[in-house]
Amino acid sequence: MSAYLDNAATSWPKPETVYQAMDHFMREVGATPGRGGHRREEEAARIADETRAALAELFHAPDSQGVAFTMNATQAINMALKGLLKPGDHVITSSIEHNAMWRPLKALERRGVAVTAVPCARDGALNPAEVEAAIRPSTRLIAMLHASNVLGTILPVAEVGALARRRGILFLVDAAQTAGAYPIDMQAMNIDLLAFPGHKGLFGPHGTGGLVVRPGLTLETWIEGGSGTESAPETMPEALPLRLEAGTQNAAGIAGLLAGVRFVLEQGVERIRQHEMELTALLIEALRGTPGLTILSPDDPAQRTAVVSVTVAGYVPEQLADVLDQVFDIATRAGLHCAPQAHRTAGTLENGALRFSPGYFNTADEIHETAAAFLSIL
Ligand SMILES: Cc1ncc(COP(=O)(O)O)c(C=O)c1O
């Protein structure tokens, strides 16, 4: 048997259309959007624009031109934080952030930005009233993940978005664990900036992601360079997305991302979520009650994504992952998952945990076999 249960890191496999789109782009299109002025360039630009439009549809973004491509969610988060925050500003975040949010915030803190991390409960639950209580006159931004990559916990972004809007504060959401896997409506949730990876729930390849920026919001540039058009001025263009896209983009990756987003739109996020949550429930059911085993996620399935992190008394998570990989060919991820803050909150900072993250292409059989294999080594 074999099973890939590390979809929270990067989804695999991809829909067949993603492989085809990238192969087609590499062989038949080849050019770079915005660079050329020939038919191949026009085709590449059309693909990039259709990708922005598909993403805007998926996220209910007000304007597809606000979608700027990046290499991953980390770049998008850095672009947003460093483009907005100045010394003297205050930013509110949560206590379960990934290092993609935490480390740039800590870097900004060293440059004079004040950071408050609102404590989450042990299972990751966040009380919006505590976010509101942390607001100061200098609070410029609330920045938090939509769902934890360690606990699976979904944060109440609609409630936080509403209070951010009421108090005139910008709202950045890290949708690394929810883009494509859980409904996101930037307008209904009052999200001003949405950072997303292309390579997880959107089924794109590595090296894809982006930042969706609400129209009217101007970010300082974090990287400057060629923008293809508007080349004469010494500064980056004002208009999005060019302002945030210096240098040649991952055009073949974007072609793959378009196929991935179209797949998500065709299947529907609700259907994807339902399948993933059925697999998650099966796994939890099979593991619950095992002596010494603790499941870190919230009990209520409505409050979590398809992430099941566990600790087992007397076992080091990395060793369990190694046996699963080498004996059973089951891919999981053990350790701190780039999110020591989440492990600190869960009380698992010392050894981390073992994470199973099923995806849309996993089957119930794979989950049954994984549970049996895992229980056989305990
Ligand atoms: C919650 C969260 N934020 C950010 C990231 C970073 O994403 P990327 O690897 O695309 O930069 C991840 C990746 O695991 C994540 O889970």
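Which residue follows α7, and is its phi positive or negative? Keep that in mind while moving through the model, which is predicted; the answer comes at the second stop.

**Stop 1: the ligand**

Select the ligand and the shell of 13 residues around it; those that come nearest are Thr-74, Asp-174, Gln-177, His-199 and Lys-200. By residue class, the shell divides into 5 nonpolar, 6 polar and 2 charged.

Next, show three of the contacts one at a time. At Lys-200, a polar side-chain atom lies 2.5 Å from an oxygen atom of the ligand. At Asp-174, a polar side-chain atom lies 2.6 Å from a ligand nitrogen atom. At Ala-73 the backbone is what to display: one of its N or O atoms lies 2.9 Å from an oxygen atom of the ligand. Now put a surface on the ligand. Taken alone, the ligand exposes 390 Å², and the protein buries 90% of that.

**Stop 2: helix α7**

Select residues 251-267, which make up helix α7. The helix has 17 residues and reaches 24 Å from its first C-alpha to its last, close to the expected 24 Å. Of those 17 residues, 14 are buried, so α7 is largely enclosed by the rest of the structure. Step past the end of the helix to the opening question: α7 is followed by Gly-268, and the phi of Gly-268 is positive, near 95 degrees.

**Stop 3: the salt bridges**

The structure holds 15 salt bridges. Three pairs and one network are picked out here.

Start with Arg-355 and Asp-6, which form a salt bridge with their closest N and O atoms 3.2 Å apart. This pair links distant parts of the chain, 349 residues apart: Arg-355 belongs to strand β13 (residues 353-356), while Asp-6 is in the loop between β1 (3-4) and α1 (16-29). Arg-355 and Asp-6 are both buried.

Go on to Asp-192 and Arg-214, a salt bridge in which the closest N and O atoms are 2.5 Å apart. Here too the pair links distant parts of the chain, with the two positions 22 residues apart in numbering: Asp-192 is in the loop between β6 (170-174) and β7 (193-197), and Arg-214 is in the loop between β8 (209-213) and α7. Are the two partners buried or partly exposed? Asp-192 is buried, with a relative accessible area of 2%, whereas Arg-214 counts as partly exposed at 27%.

The next pair lies within one helix. Select α4 (residues 99-110), where Glu-109 and Lys-106 are 3 residues apart, about one turn of the helix. Glu-109 forms a salt bridge with Lys-106, and the closest N and O atoms are 2.8 Å apart. With a relative accessibility of 31%, Glu-109 counts as partly exposed; Lys-106, at 27%, also counts as partly exposed.

Finally, select Glu-43, Arg-46, Glu-50 and Arg-262 together, since these residues are linked in a network of salt bridges.

**Stop 4: Lys-86**

Select Lys-86, in the loop between α3 (73-84) and β3 (90-94). Its relative accessible area is 42%, so Lys-86 is partly exposed, as the range for that class runs from 20% to 50%. Then add Gly-112 and draw a distance between the C-alpha atoms. How far apart are Lys-86 and Gly-112 in sequence and in space? The two residues are 26 residues apart in sequence and 7.5 Å apart in space.

Key
Residues numbered from 1 in each chain as written. Predicted model: local features only at pLDDT ≥ 70, side-chain atom pairs only at ≥ 80, totals over all residues. Heavy atoms only, no water. Near = heavy atom within 4 Å. Polar contact = N/O pair within 3.5 Å; in protein donor to acceptor, adjacent residues only side chain to side chain. Areas by Shrake-Rupley, 256 points an atom, 1.4 Å probe, with all protein chains shown as cover. Nonpolar A, V, L, I, M, F, W, Y, C, P; charged D, E, K, R; others polar. Helix = DSSP H or I, 4+ residues; strand = E, 2+ residues; numbered from the N terminus. Expected span 1.5 Å × (residues − 1). Buried < 20%, exposed > 50% of the residue type's maximum accessible area, 1.4 Å probe, protein only. Salt bridge = Lys/Arg side-chain N within 4 Å of Asp/Glu carboxyl O.
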